[in-house]
Amino acid sequence: MNTSIRKFNIEDLAEVIRITKISNFGKTEEFFLKTHKVFPDYFVVPEINGKVVGYTVSLVYPRFSDTGPAFLSKLLNRLIHNTTIPSCIRKLALSNRAFHILTAISPEYRRMGLASAIKTRVLEEMKKQGIKKVSTAIRVTNIPSIKMNKKLGFKEKKHLPDYYGDGTPGILLERDL
Ligand SMILES: CC(C)(COP(=O)(O)OP(=O)(O)OC[C@H]1O[C@@H](n2cnc3c(N)ncnc32)[C@H](O)[C@@H]1OP(=O)(O)O)[C@@H](O)C(=O)NCCC(=O)NCCS
């Protein structure tokens, strides 16, 4: 089996959407395209024998952001516009804190270390780019994800009773880089 890790490119979108649907996440094509446009280094996929079998996607908080439930779409919209201004100014608009949005692996390729491998690659890239802290929010019912993140050094920081619209509580996990 030939396994490799690389950055997402637009041709991977259909497979990313397929895996997203299987995993019961409501993220749209538009969400992935916007995130990729703004943070291409933090959108990474694993391939097995040339086939994309998962992805991980993260972003960097703006310097002055609220972290309430609506932050994600506001943030993406704001940063999309920032791509048209010089990168030095864009850099000034960003903080040194990242948020890991989502990692998903095709069911038939789970428990092979792929999520850990792609997240580790992104954490290394973030560290190189000066990110100091990474957070992620996970449903309390998602034991595989909580365990995987703890294995990568994330620690429970906060209970998030109202984070998800369906009433499932979340937990905020954080890791220093
Ligand atoms: C969560 C998910 C991304 C993990 O992907 P994965 O490639 O299977 O994870 P890894 O193989 O890197 O697992 C690393 C560790 O996480 C833990 N883990 C992963 N899956 C687990 C499971 N089903 N049950 C218990 N622990 C699990 C284990 O500690 C594992 O280490 P081990 O295999 O040496 O025991 C995958 O289950 C998935 O795609 N789920 C659906 C999408 C999702 O819920 N994403 C998370 C929301 S951000």
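## Strand pairing

Strands S4 and S5 run antiparallel and are joined by eight bridges. This is a predicted model. S4 covers residues 54-62, and S5 covers 94-105. Within this pairing, valine 60 sits opposite alanine 98 of S5.

S5 also pairs with strand S6, residues 133-139. Here the strands run parallel, and four bridges join them. Alanine 98 takes part again: its bridge partner in S6 is valine 134. Alanine 98 thus has valine 60 opposite it and valine 134 as its partner in S6.

## The crossover

S5, H5 and S6 form a β-α-β unit. The unit is right-handed. Its helix, H5, spans residues 114-128.

## Around the ligand

Which residues come nearest to the ligand? They are Arg110, Ala115, Ser116, Pro144 and Met148, out of 20 residues around it. Three elements give two or more residues to this shell: S5, H5 and helix H6 (143-151). H6 gives the most, with six residues. S5 and H5 therefore appear twice in this report, as parts of the β-α-β unit and as contributors to the ligand shell.

The shell is mixed in character. Ten of its residues are nonpolar, six are polar and four are charged.

## Two loop residues with positive phi

Most residues other than glycine have a negative phi. Asparagine 49 has a positive phi of about 45°, although it is not a glycine. Arginine 111 is another such residue, with a positive phi of about 65°.

Where do they lie? Asparagine 49 is in the loop between strand S2 (43-48) and strand S3 (51-52). Arginine 111 is in the loop between S5 and H5.

Is asparagine 49 buried or exposed? Asparagine 49 is exposed, because 9 other C-beta atoms lie within 10 Å, and the cut-off for exposed is 12 or fewer. Arginine 111 counts as exposed too, because it has 9 C-beta neighbours inside 10 Å.

## Arginine 63

Arginine 63 lies in the loop between S4 and helix H3 (71-82). It counts as exposed because it has 12 C-beta neighbours inside 10 Å. Exposed means 12 or fewer.

How far is arginine 63 from asparagine 96 in sequence and in space? The two are 33 residues apart in sequence. Their C-alpha atoms are 7.9 Å apart in space.

Technical notes:
Residues numbered from 1 in each chain as written. Predicted model: local features only at pLDDT ≥ 70, side-chain atom pairs only at ≥ 80, totals over all residues. Buried ≥ 20, exposed ≤ 12 C-beta atoms within 10 Å, placed from the backbone. Near = placed C-beta within 6 Å. Nonpolar A, V, L, I, M, F, W, Y, C, P; charged D, E, K, R; others polar. Pairing = 2+ DSSP bridges. Right-handed = clockwise from strand over helix to strand, strands pointing away.
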